[in-house]
Amino acid sequence: MASMSSALLPLLLLCLWFYHVSGDEQGLWVVRVESLLPRPICSSPKVPAAGGNTLKVAHRRGPCSSFGTKPNPALTLRQDMLRVESLQRGLSGGAPSKGTQLQASQVSIPTRWGRPIGTGNYLVTVGFGSPRKDQTLVFDTGSNVCWIQCMPCAGSCYQQQDPLFDPSASSTYRNISCSSATCSSLDIRGCNSGTCVYGVQYGDQSTTVGFLVQDTLTLTPENVFQNFVFGCGQNNRGLFGRAAGLIGLGRDSFSLVSQTSQVLGGTFSYCLPATSSSTGYLTMGRSATSASYTPMLTDSRDPSLYSIALTGISLGGRLLPISPTVFQTSGSIIDSGTVITRLPPSAYAALRTAFRSAMSQYPMAQPLSILDTCYDFSKVQTIEVPTVVLHFDGGADLPLQVPGIFFVADISQVCLAFAGNGSPGDLGIIGNTQQKTTEVIYDLGARRIGFATKACS
Ligand SMILES: *[C@@H]1O[C@H](CO)[C@@H](O)[C@H](O)[C@H]1NC(C)=O
């Protein structure tokens, strides 16, 4: 008896550390306050084996990335606003900028507008070239072109964690010529001594300009892609942290999911971890999990984005009084790079009212940037939080776990991680906080988006 209880004790403590789910059905989570905060050390659960094409995902700011950067809530929210503005203005098809120079001595080429990457982003490590050289990159469903910083950095390169990619050390590296069909399909391009030049200017002063090239991409040892097309960045600057570049997972032909679709079926999924002190995963190709699906829609304002139809929100097990036309007016997308979910103004107002009333026993804290419903949990050990479920067309539900409800600046300022849009017509965005711990499945072939809850922690 005694030996059994001592064996069970660690397990019991582990359960207490995470949330008890006992109250789930009654519309209430009971959570230990510490569980909201990242721990100082990374815990890396085993990623599910999905045919060997699963990569580990780490938050860029926290103990699971090798970058050594600390969380910065204020900066994260500022960057998030820039990203949302650009998504809502539909900058992707926008006018070319005045241009960025490929290198100091040369004329500038126009650059395509990309979206600000933000700082709330997630990283994966993949290999480029032969022999493969590992590069840690931000992945982003709101971007399309993949790029890495490349030697000789004819313009300039920012500091990155991995050694810089050296094209001359790869036996499979090829430049793409200006006259090729691949080059012509870049909507904004340049030409330098016969080599195709790409450029992306993100809306936050970040830019990358360089050669369009192809080389071998190694996702995992079992998943190697020859002639993968990407940007070899020669002049790069901005807010990429110490990432070597970016993997675009949008719906355009240059994205990773499009370029690998013949083999991997145009499907990928990811699970973002509960906090920056654990890891999640990105699976290229079919996912093993069963999920609830909603149709993947196409918004003509930007067909490369993943549009879905949000139809309602429940709090504490009850559907909030929001007319479905409110969501139809705005439209919605799901995005891996936006941190905070943006709702039409009247939908957010209904959520805020119900949430504040359910949380009325806790002292409120100062608003934090766009977040106006914040609490001070510094004097309590456990909290009771109403469940929140997002409902989508086709009967798909996204039930948020507790990490999907809050944005935690620190324990005395824990905020409801939703914000209202400025006007009813502004695009709604399902942000990455709300996606935490759920496997989000992007099935481009079947045109559907799926949610499998409690897939990672
Ligand atoms: C690729 O193109 C650039 C610019 O024209 C050139 O400097 C470089 O040597 C080329 N590399 C290869 C491997 O052809």
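**Notes on Gly 420 and the ligand site**

1. Let's start with Gly 420: its relative accessibility is 37%, so this residue counts as partly exposed. The cut-offs behind that label are under 20% for buried and over 50% for exposed, with partly exposed in between. Keep in mind as you read that this is a predicted model.

2. Where does Gly 420 sit? Gly 420 belongs to strand E30, which covers residues 418–420.

3. Which residues does Gly 420 touch, if you skip those up to four places away in sequence? Leu 343 and Tyr 348. There's also Thr 341 to look at: Thr 341 and Gly 420 are 79 residues apart in sequence, while their C-alpha atoms are 8.5 Å apart in space.

4. Now over to the ligand. The residues surrounding the ligand are Tyr 173, Asn 175, Asn 192, Ser 193, Thr 195 and Phe 211. Sorted by class, that shell has 4 polar and 2 nonpolar residues, and no charged ones.

5. Some of these neighbours put polar atoms beside ligand oxygens. Asn 175 has a polar side-chain atom 2.3 Å from an oxygen atom of the ligand. With Thr 195, a polar side-chain atom again does the job, at 2.9 Å from a ligand oxygen. For Asn 192 the polar atom comes from the backbone, and a ligand oxygen is 3.4 Å from it.

6. How much of the ligand does the protein bury? On its own the ligand exposes 360 Å², and 47% of that is buried by the protein.

Definitions and conventions. Residues numbered from 1 in each chain as written. Predicted model: local features only at pLDDT ≥ 70, side-chain atom pairs only at ≥ 80, totals over all residues. Heavy atoms only, no water. Near = heavy atom within 4 Å. Polar contact = N/O pair within 3.5 Å; in protein donor to acceptor, adjacent residues only side chain to side chain. Areas by Shrake-Rupley, 256 points an atom, 1.4 Å probe, with all protein chains shown as cover. Nonpolar A, V, L, I, M, F, W, Y, C, P; charged D, E, K, R; others polar. Helix = DSSP H or I, 4+ residues; strand = E, 2+ residues; numbered from the N terminus. Buried < 20%, exposed > 50% of the residue type's maximum accessible area, 1.4 Å probe, protein only. Contact = heavy atoms within 4.5 Å.
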